[in-house]
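The exercises below are meant to be worked through with the model open beside the text. Please try each task before reading the solution that follows.

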Amino acid sequence: MSAFRAINLRAAVTSTMKSGPIAIAKRHLATPTSLYTPVLPAKIPAALHLKSGQSYFGENFGSENSKFGETVFSTSITSYTDSMTDPSYLGQILVFTSPMIGNYGVPSNASEPGYPGIPYLESSGIQCSGVVVSDVALKYSHYKAVESLHEWCKRYDVPGITGVDTRAITSLLRDQGTTLGRLAVGDEAAKPAPQEHEYWDPSKENLIARASTPKPYVLNENGTGPRIAVLDFGTKANILRSLVRRGAVVTVLPWDYDFNSVRDQFDGLFLSNGPGDPKSIMDTAMRVRQTINEWDKPIFGICMGHQILGLAAGLEAYRMTFGNRGHNQPVLALASSGSIKAGRVYVTSQNHQYALKLTEEFPDGWAPFFINCNDSSVEGIISTPESGKRIWGVQFHPESAGGPLDTIEMFTDFVNECQYGRQGGSSMIAGEVRVGGNDAKAAASQPITA
């Protein structure tokens with residue numbers, strides 16, 4: 001504050017105090033209480049049992065049905081509605097490290113004007129199996145809110161537990177890794193924890209088949225931009241919005257669709273995010289390898305799509321100890337491409353349990369694109385200029401929802417590349433790989449410079 005403003009403020013306060021008490025306007029909720037009557041959960045006990053032997057006891061909200069799932073944690077402090085509707089959380093019991101969840105309620109999931117067929121949140125409903133919070137807010141305040149977190153979870157048959165020490169749970173999961181669990185409600189909360197063989201392991205199933213669209217559909221059919229096919233492994237709605245917003249005509253295809261039979265109808269291919277183990281759909285990865293070898297148009301993969309590109313390129317995927325889930329993961333760019341500049345650190349939103357394995361040398365025609373600044377895991381791959389291909393994969397979510405928008409312009413780069421491509425001079429062909437060359441481990445050991 002400038003000295004001039006400070007003097008004026010003191011003068012105003014002094015004048016007001018002489019003339020009488022200061023009148024402070026009463027604050028009101030963004031959602032007036034006259035517009036809703038909070039629906040409070042009954043006082044029902046709940047327990048979170050972990051396969052590793054620990055149990056945590058609290059109170060239930062949401063559904064009163066018990067559920068199994070893989071227990072994971074997210075460090076995001078906002079956008080719980082986006083996280084819970086992200087298909088990548090399918091089959092998981094989601095522990096929020098943020099101490100209070102639910103304070104701004106849940107908005108309507110109806111499509112926004114201009115984006116018909118795309119839900120407002122990240123999918124048509126809640127995807128996770130259960131929710132674990134330290135303190136659930138039973139009253140909410142937000143101008144877009146239409147229901148509470150408790151009402152929303154109850155409507156989608158998703159149980160929640162509140163009043164537990166999420167810090168202790170998170171510390172445990174960081175030390176031993178993500179753990180199978182059961183969220184038990186009511187009478188079942190008082191019963192002994194399940195036996196080891198009774199826990200359901202979602203990683204043993206093809207979760208992508210459950211998350212993907214069952215049949216093709218088209219968005220923005222009258223758009224003037226490029227025609228882009230999206231292989232849907234469980235795509236987030238904001239990925240589709242980000243493509244449509246840039247004028248693309250988007251055709252969403254099931255996860256196992258034979259894209260090679262229709263590829264000449266499209267200007268580009270997008271591989272979406274999704275839940276589970278990428279090796280559960282190796283047939284799809286091999287079809288993508290055929291596409292890479294025989295097709296010369298742009299391909300962009302995010303999260304699961306990035307892992308499928310890696311498998312197609314000949315890299316290996318592995319299961320991380322506890323994965324990366326949050327909105328503040330820093331990644332170092334190793335190559336310049338489009339809006340991305342080598343040597344710069346970008347803050348990203350992430351949600352994944354699997355990653356591509358760091359190797360001494362990448363396969364011919366490929367280079368590391370990004371490295372995680374915290375754990376040195378591979379955060380991106382890119383085709384080299386010598387390969388003649390235009391392919392990019394990133395482990396993080398440039399579209400965020402929620403999270404930072406440091407890399408959102410990668411969508412603009414991709415759509416422009418599909419639209420103009422080689423005829424207009426490509427801006428996304430990898431520039432010089434300035435840090436570490438093709439040696440990803442050497443790149444990871446370099447000091448981080450912005």
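Two strands are said to pair if DSSP finds at least two bridges between them. The model used throughout is a predicted one.

**Exercise 1. The chain as a whole**

Find how many helices and strands the chain has, and what percentage of its residues count as buried.

Solution. Begin with the elements: the chain has 10 helices and 21 strands. Turn next to burial, where 54% of the 450 residues count as buried. Finally, consider the contacts in the chain with a separation of 6 or more, of which 75% are accounted for by residues 24 or more positions apart.

**Exercise 2. Strand 1 and its partners**

Determine which residue of strand 2 is the bridge partner of Pro-45, and which residue of strand 11 stands opposite Leu-50.

Solution. Start with strand 2, residues 55–62, which pairs with strand 1 in the antiparallel sense over 5 bridges; within this pairing, Pro-45 has Glu-59 as its bridge partner. The hairpin formed by strand 1 and strand 2 has 4 residues between the strands, and Gly-53 takes a positive phi near 110° there. Then look at strand 11, residues 179–185, whose pairing with strand 1 is also antiparallel and also runs over 5 bridges; here Gly-181 is the residue opposite Leu-50. As a last step, take the burial of strand 1 (residues 45–50): since 5 of its 6 residues are buried, strand 1 is largely enclosed by the rest of the structure.

**Exercise 3. The contact of helix 7 with helix 8**

Describe how the axes of helix 7 and helix 8 are placed, and state which residues make the contact.

Solution. Two packed helices are described by the angle between their axes and the distance between the axes. For helix 7 (residues 282–294) and helix 8 (residues 304–313), the axes come within 8 Å and cross at roughly 70°. Angles of 65 to 115 degrees count as roughly perpendicular, and therefore helix 7 is roughly perpendicular to helix 8. The crossing of these two helices is right-handed. From helix 7 the contact takes Met-282, Ala-285, Met-286, Val-288, Arg-289 and Ile-292, while helix 8 supplies Ile-308, Leu-309, Leu-311 and Ala-312. Sorted by character, the residues of this contact comprise 9 nonpolar, no polar and 1 charged.

**Exercise 4. The open sheet**

Trace the order of the strands in the open sheet of 10 strands, and identify the edge strands.

Solution. The order of the sheet is 12-14-13-15-16-21-20-19-17-18, and its pairing is mixed. Its edge strands are strand 12 (217–219) and strand 18, each of which pairs on one side only. On average, neighbouring strands of this sheet are turned by 25° against each other, with direction ignored. One pairing can be followed in detail: strand 16 and strand 21 run parallel and are joined by 4 bridges, with Ile-299 standing opposite Ile-391 in strand 21.

**Exercise 5. Helix 9 and the loop before it**

Find which residues of helix 9 are buried, and where the cis peptide bond involving Gly-402 begins.

Solution. The loop between strand 21 (391–394) and helix 9 (409–419) contains Gly-402, and the peptide bond leading to Gly-402 from Ala-401 is cis, with omega near -5°. Ser-400 is found in the loop between strand 21 and helix 9, and its phi is positive, near 55°. Most residues other than glycine have a negative phi, and most peptide bonds are trans. In helix 9 the buried residues are Met-410, Phe-411, Asp-413, Phe-414, Val-415, Glu-417 and Cys-418, and among the elements covering them are helix 6 (237–245), strand 13 (227–231) and strand 19. Just after helix 9, Gly-421 takes a positive phi of about 50°.

**Exercise 6. Comparing burial in three serines**

Decide whether Ser-400 is buried or exposed, and then classify Ser-376 and Ser-336.

Solution. The cut-off for buried is under 20% relative accessible area. Ser-400 has 4% relative accessibility and therefore counts as buried. Ser-376, in the loop between strand 19 (366–372) and strand 20 (378–383), has a relative accessible area of 25% and so is partly exposed; its phi is positive, near 60°. Ser-336 lies in the loop between strand 17 (317–333) and strand 18 (345–356), and its 22% relative accessibility makes it partly exposed. The C-alpha atom of Ser-336 is separated by 8.4 Å from that of Phe-369, which is 33 residues away along the chain.

Terms used: Residues are numbered from 1 along each chain as its sequence is written. This is a predicted model: local features need pLDDT of at least 70, side-chain atom pairs count only at pLDDT 80 or more; totals for chains, interfaces and linings use all residues. Side-chain values use heavy atoms; hydrogens and water are left out. Axes are lines fitted to C-alpha atoms, for helices over the stretch in contact, and angles run from 0 to 180 degrees between N-to-C directions. Angles under 35 degrees count as roughly parallel, over 145 as roughly antiparallel, 65 to 115 as roughly perpendicular and the rest as oblique. A crossing is left-handed if the near helix is turned anticlockwise from the far one by less than a right angle, and right-handed if clockwise. Contact means heavy atoms within 4.5 Å. Ala, Val, Leu, Ile, Met, Phe, Trp, Tyr, Cys and Pro count as nonpolar, Asp, Glu, Lys and Arg as charged, and the others, Gly among them, as polar. Buried means under 20% relative accessible area, exposed over 50%, partly exposed in between (1.4 Å probe, protein chains only).
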